[in-house]
Every structure is written in structure tokens, then in C-alpha cells.
Amino acid sequence: MAQERNVDLGFGCMRLPLLRADQPDSFDYEKIQPLFDAFLEKGFTYFDTAYTYHGYHGEEAVRTALVERHPRNSFQLATKLPLRDFKDAQDL
């Protein structure tokens with residue numbers, strides 16, 4: 001029987017814990033990893049991020065704290081493509 005997944009709540013990754021408030025890519029993985037782990041342990045699976053978060057480094061933090069540490073079939077991950085950052089099809 002397939003495991004039922006709870007997607008009623010999503011974990012937004014727009015403002016992840018940092019080591020330095022003035023450095024948007026100074027991720028505090030000692031705080032981020034337990035947050036992600038607890039979310040999954042409670043049965044939630046949906047994470048949301050975007051290309052532009054944390055000075056264009058947010059997806060790197062999600063990869064390190066979530067994707068590289070948990071089986072890919074144990075979570076759902078959505079990311080947004082901000083079209084405002086692209087001028088033409090070649091930029092995409």
C-alpha cells in the first residue's frame with residue numbers, strides 16, 4: 001500500500017536561518033537541517049523555494065539541507081521561475 005502524504009502545509013524557504021543577517025547566503029545549516037527534518041518527521045512533505053531567494057542562493061541551501069540528505073521520494077519540492085529576470089528566450 002502506498003504511503004499517504006500530507007501536503008496540507010508547505011515549508012516556505014524564502015527566509016532560512018542565517019549565520020549573518022547581512023549575508024544572504026550564510027546559511028545556518030545547524031538550524032535549517034533540524035527544521036526540515038522535523039517537518040518531514042511530522043508527515044509533511046511539501047517544500048517551496050524560488051530561484052531568487054537569498055540573493056539567488058536559496059536553492060543551493062535547499063539542495064544541501066534537504067535533497068542531499070533525504071530520499072527524493074520522501075518530499076515534494078516546488079521552485080518558481082521569476083520571468084522578470086529574463087529578457088528573452090535565450091536567458092531562460
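In this predicted model, Asp-48 sits in strand E2, which covers residues 44–50. Its side chain reaches the side chain of Lys-80 through a polar contact of 2.6 Å. Lys-80 also turns up among the residues that Asp-48 touches once neighbours within four places in sequence are set aside; the others in that list are Phe-11, Gly-12, Cys-13, Tyr-53 and Ala-78.

A second aspartate, Asp-37, belongs to helix H1, made up of residues 29–41. With a relative accessible area of 17%, Asp-37 counts as buried because that value is under the 20% cut-off. Here the side-chain partner is a histidine: Asp-37 and His-70 are joined by a polar contact of 2.8 Å between their side chains. Leaving out neighbours within four places in sequence, the contacts of Asp-37 are Arg-69 and His-70.

Then there is helix H2, which takes in residues 53–56 and brings up some backbone angles worth a look. His-54 lies in this helix and has a positive phi of about 55 degrees, even though it is not a glycine. Tyr-56 is in helix H2 too, and its phi is near 70 degrees, again a positive value in a residue other than glycine.

As for solvent access in helix H2, His-54 has a relative accessible area of 10%, so it is buried by the under-20% criterion. Tyr-56 comes out at 41% relative accessibility and is therefore classed as partly exposed, a label that applies between 20% and 50%.

How values were computed. Residues numbered from 1 in each chain as written. Predicted model: local features only at pLDDT ≥ 70, side-chain atom pairs only at ≥ 80, totals over all residues. Heavy atoms only, no water. Helix = DSSP H or I, 4+ residues; strand = E, 2+ residues; numbered from the N terminus. Polar contact = N/O pair within 3.5 Å; in protein donor to acceptor, adjacent residues only side chain to side chain. Contact = heavy atoms within 4.5 Å. Buried < 20%, exposed > 50% of the residue type's maximum accessible area, 1.4 Å probe, protein only.
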